[in-house]
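User: Please take a close look at the salt bridges in this structure. I would like to know which residues pair and where they sit.

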Amino acid sequence: MTNATVWLPYAQMQTTLPPFEVVASHGSRLVLADGKELIDGVASWWTACHGYNHPHIINAIQKQAAIMPHVMMGGLIHPQATRLAKRLAAILPGTLDAVFFSESGSVAVEIAMKMALQFWMNQHQEQKHRFIYFEHGYHGDTFFTMSVCDPNEGMHRLFHRVLPTQHFQPLPTTDALLDNFANWLKKHAHECAALLIEPLVQGAGGMKMHHPETLHAIATLCKQHDVLVIADEIFTGFGRTGSLFAIDQANIVPDIICLSKALTGGTLPLAVTVASQHIFDGFLSDDSHKALMHGTTFMGNALGCAAANASLDLFESEPRLAQVATINAALSQAFAPLADIPGVKDVRTLGAIGVIQLERALTSTEMSWFKQQCVNEGIWCRPIQDVVYTTPSLTIDPADLSSLTAVIAKQVRAWSTLFYHA
């Protein structure tokens, strides 16, 4: 038999630890092949908002599979996609109601960037062809999205010679930085198609947080200078920050919003790029060349749409945002004492996100040690460079949450004693 290798994401395959084999899941827990159960502290990269195996979502998927698993959307449509589009438009602010389907967050952002560029092309403003993006930002791993990820601290430095040149800016979190950004925008807005931002929390770039007032000020400046705003809520959407969408806390309406991850409750790949009416109108014409020439084979997959509709049912019928508030209180209480430990720079929380910022990045040896120690103690935790964080399911059992935070706190203390030297 020919040997086969599963090439793991974001891993140096020569030195990385063998992956832990998961054979089942339930609630907020993963069951390993040896029978050991782990409390999942990252909800499968922030997707499993309702926990694993929620019966309402599973039933919806099974019912749809028996009727029609998938049909192409080139000239066809199906009820699950239509219903999902209407429901998303109803809960998003303003006129965010033109829903374009895809399968992943990176592709959703790529589509948003393509929409923004062609929107201006259709209006004969081809000079507006660059994008504004921020320090610590992350928007995906496809080629165009790599061009708007942090070029210094991100994971795509190897490709800088072949990526399009965009406008990289510090996130204007202070009055001085905001003034600088406003002055810069006056000079460069004429060539900028859109600005991309992760509202309130920059996820993969290190769980960096900013205030709603910052987001509102950025959006206001962009509107004044005719620069489109693309809100990347792949991570923050669907309750993670304490509101259904992070933009709600800043009372802004972006021109385009991207959603994925928790869209299907962590069950099936699905993403949407939702444009405001004025963006959609910019593609309407008797000229076929002004249509958005983009499509993916499995866009609007019926199984994925059924799962997403079931997930929205749960947000309507179960107290998710109240659960997020409870989780936030528990995270704040558990992690606050860690702020005084040597090697810890900062502790912060927002919604169902708890972050312990270290003074330096974990070495590969320390990273492997940390993850293994957590597994030994019955939890799954995956730090990002200098950040130890947890983003549990919004439905996590209080006892599991207590165990999760206790183990993380214990291992941070152990790391400080064993590895950190001021």
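Analyst: What follows covers the salt bridges, one pair at a time.

This is a predicted model, in which local features need pLDDT of at least 70 and side-chain atom pairs count only at pLDDT 80 or more, while totals for chains, interfaces and linings use all residues. Residues are numbered from 1 along each chain as its sequence is written, and side-chain values use heavy atoms, with hydrogens and water left out.

Side chains of opposite charge can pair when their charged atoms come close. Here a salt bridge is a side-chain nitrogen of Lys or Arg within 4 Å of a carboxyl oxygen of Asp or Glu. The whole structure holds 9 salt bridges by that search.

One of them joins Arg29 to Asp400, with 2.8 Å between the closest N and O atoms. Arg29 belongs to strand E2 (residues 29-32) and Asp400 to helix H13 (residues 398-418), so this pair ties together parts that are 371 residues apart in sequence. Helices (H or I, at least four residues) and strands (E, at least two) are DSSP runs, numbered from the N terminus. Arg29 has a relative accessible area of 24% and is partly exposed, whereas Asp400, at 11%, counts as buried. For these words, buried means under 20% relative accessible area, exposed over 50%, and partly exposed in between (1.4 Å probe, protein chains only).

Another salt bridge brings together the side chains of Arg83 and Asp313, at 3.7 Å from N to O. Arg83 lies in helix H3 (residues 79-91) and Asp313 in helix H10 (residues 302-317), so the pair ties together parts that are 230 residues apart in sequence. The relative accessible area of Arg83 is 39%, which makes Arg83 partly exposed; Asp313 is buried at 18%.

The side chains of Arg87 and Glu316 also meet in a salt bridge, with an N to O distance of 3.2 Å. Arg87 is in helix H3 and Glu316 in helix H10, so this pair ties together parts that are 229 residues apart in sequence. Arg87 counts as buried at 13% relative accessibility, while Glu316 counts as exposed at 62%.

Arg83, Arg87, Asp313 and Glu316 are linked in a network of salt bridges.
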